[in-house]
Amino acid sequence: MRRFAELVVIKRVWVVVAWVIAVVSAAPLSGRVESEMNAAAEVRGSETMAVARSLTTRFQTPFALFAVLVVSGVPSPDTREGHDVLAELARAVKGVRGVTGTFSYLDVPDTLFLGAGRSGTFLIAGLDANAGRPEDRIPILREITAGVGKRIAQDFPGATLRWTGDIPINFDLRRTSAVETTAAEVRVFPVTLLLLLIAFGALVAAVLPLVAAGISIVITLGVAVIINHHWPLSILIQNIVSMIGLGVGIDYALLTVSRFREARAAGLDTKEAAVDAAHHAGATIALSGITVIIGFAALTLVPLNELRSVGVGGLIVVAVAVLIAATLLPALLSWMGHWVDAGRFRLPRKLTGSGQQRWRNWGKWVVGNPWRVLFLAGVPTLLLAVPALRIRPELPRGHWMPATMESAAALVDLESMQRGGIVNELRVLVEYPAGVNAYDGRGWEATRRVSAAFLRDPRVGRVQSITTIVPAIVPDVRVISMVPPTTLKSYVSIDRRMALVEIVPRDSVNFNDLTVLARDVRRLDAGRISGISGTHFAVGGLPAFNADYLAAIGVWFWWIVALVVGVTLVTLMVGFRSVLVPVKAIALNLLSVAAAFGALVLVFQDGRGVRLVGLSEPLGAVFPAVPILVFCIVFGLSMDYEVFLISRVREARRAGASDDDAIVEGLAHTGGVITSAAAIMIAVFAAFTLGSFLFVKVLGLALATAVLVDATVVRMAIGPALLKLAGRWNWWPAPG
């Protein structure tokens, strides 16, 4: 590492030029994240994806992909005025390029299209998957319907036209994600700058970590856009990269700049101080970064594009932040010299105090009273961790999408019409064995029996299939020929070997019960229900996707935990040449993770202090992806401070200090850096809890709590106390 540090300083011109080229190349790409990333969640290899693929390849339905226009505040479509309004909307929507057709009360005068109390209606617009991205049609559709809406409002002032469904929701989530990420960055910047000014007491030194974090984010987002062309990523990467990039980018830069100033204060010249910072801080940051990267790398193994995207984004931004702290900053500092302290000012003594001496005094008290420290710090931490045993990784109850989204408001409109099941329908593909097709007697009877069986379930409000649209006991060519070709192609595959049966659930069935319904349908014996042995069901739709999502997380969670713990343990054993220190670090990290889970349960499930995070009532659960995300992120971030502290303790022992004195000196030299870095990271995560994205709000609170507990109680009290009790066994089998 020493040779590497010297090379960085000697070749500083090339180092800076390389980073400038990287930033200039990535900046234009990073601006395309919002337009290119997908907001839709996917489970690779899932039954839901197989159903979606079959609908687009084996059927000729124009509604394999669709959006729903919710119309309220106008007369019911079974009246002349309402019929005319709906006809005008249908004409306008059909005229949009990429719309494959519309389906509404105009096509089938079904009560399904009439809201409860004749309060509204809806129109389904098919979207062509081959005419560019379906999401790109949404702003055009909204513009067209807004124009029609202005004319309609002249006759019906209370009229509202809102688009919803999977595709409009994904479009809105992408837009909202970009807006809220920018807002969070704006909120956190002044707070972070203030904390850095307090930490350094100099303007230039305080700005450098912010610049380092900004570069990390820009380069990572640019690389993510390139990766997205070959390996589709989720828009969630934008929030995660900003959140983690600001946190670790500032943390690592803070350590490098602090080490440089410390070396200069010890009498080293500018170049030697830069080499010393790159040597000592660089080695610590590299080991710390590896432990964080392990958690993110593990997430890329999960077959969920959201978690995979978080893994990719976190892995890249941490790696870039490590490289910046170990190369770009030492190169710049070797030029800056005393200018790093430009803009120096005197802070009130209450904010600065005696710095290292305060931490040195604290360290002496800890090594003198280890059992007392363990009791006073350990008991409250364990009490916070205990509620983690009650965590419920489910979809929260109620409306949890941002209320500012048009698609979310449209869902509320649908529910008020008691037609919310339209966007939560199950799409069941009934595949017949060889020799049977949908239009022969056996196939027709099988589809009819399947439809009737589904309708008997009390959770089901309606069933749509070719046999419900054409209510014939046996298939009649004359009757079938009178059915619009579009309808036939929507419910029977091209080869007639497969029929689509749509299950529309009752509005009273909540998200989690719909997931259970999807699982129940998948467990049914298709051969027995249809009366034809060899018949198979494939179940898709939103509830089925939720079932696939939960199943994937359930299968992978404990494998990911074992992988992250195992690889981190080996990495730390190699890095510290010790057995006990890594084992202790792993145990303390698990304690920090449990404390974060406990906080989620207390706030979001139980509702204690829930109004402080902008909610009016508890959610009763946390999102299914939150536990695995929090574990992988917190486990790595918590290790940062352990590496910072242990590296300095080992350095003091190698310099000849006793075990007790090494602990004291380790705390004296890292206490200020760790608390400053933690305060900044807490501010970053807390800024993301203030937005309207509930998922990001939950994640932000968990990460902020974990860092707060870890950087104060765990690393500054419990960890040093355990080091004291273990004594020389900390460094077995090698010397410290």
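Tutor: Before we begin on this predicted model, a definition is needed: two strands are taken to pair if DSSP finds at least two bridges between them.

Student: Over how many bridges do strand β5 and β8 pair?

Tutor: Strand β5 covers residues 426-431, and its pairing with β8 is antiparallel. Within this pairing, L429 has A538 of β8 opposite it. The cut-off for pairing is at least two bridges, and for β5 and β8 the number of bridges is six.

Student: Which strands stand at the edges of the open sheet that holds β5 and β8, and why is one side of each left without a neighbour?

Tutor: The sheet is built of four strands with antiparallel pairing, in the order β6-β7-β5-β8. Each edge strand has a single partner strand, so one of its sides has no neighbour in the sheet, and the two strands concerned are β6 (460-464) and β8 (536-541).

Student: What is the average twist from one strand to the next there?

Tutor: The twist is taken step by step along the order β6-β7-β5-β8. Averaged from one strand to the next, it comes to 25°.

Student: Which helix lies across β5 and β8 and runs at about 95° to β8?

Tutor: Two helices have to be told apart here. Helix α20 (residues 511-523) lies across β5, β6, β7 (498-505) and β8, and runs at about 5° to β5. The helix that lies across β5 and β8 at about 95° to β8 spans residues 542-576, and is α22.

Student: In the open sheet with the order β2-β3-β1-β4, which residue of β3 is the bridge partner of T102?

Tutor: The pairing in this sheet of four strands is antiparallel, and β2 (99-103) is an edge strand, as is β4 (160-164), so each has one side without a neighbour in the sheet. Strand β3 (residues 120-127) pairs with β2 over four bridges. In β3, the partner of T102 is A125.

Student: Helix α15 lies across β1, β3 and β4; is α7 roughly parallel or oblique to α15?

Tutor: The axes of helix α7 (residues 166-200) and α15 (406-416) come within 8 Å and cross at roughly 140°. Angles under 35 degrees count as roughly parallel and those over 145 as roughly antiparallel, while 65 to 115 is roughly perpendicular. The crossing falls outside these ranges, which makes α7, relative to α15, oblique.

Student: How many residues of the contact of α7 with α15 are charged?

Tutor: From α7 the contact draws on P168, I169 and D172, and from α15 on E406, S407 and L411. By class, three of these residues are nonpolar and one is polar, while the number that are charged is two.

Methods: Residues are numbered from 1 along each chain as its sequence is written. This is a predicted model: local features need pLDDT of at least 70, side-chain atom pairs count only at pLDDT 80 or more; totals for chains, interfaces and linings use all residues. Side-chain values use heavy atoms; hydrogens and water are left out. Axes are lines fitted to C-alpha atoms, for helices over the stretch in contact, and angles run from 0 to 180 degrees between N-to-C directions. Contact means heavy atoms within 4.5 Å. Ala, Val, Leu, Ile, Met, Phe, Trp, Tyr, Cys and Pro count as nonpolar, Asp, Glu, Lys and Arg as charged, and the others, Gly among them, as polar.
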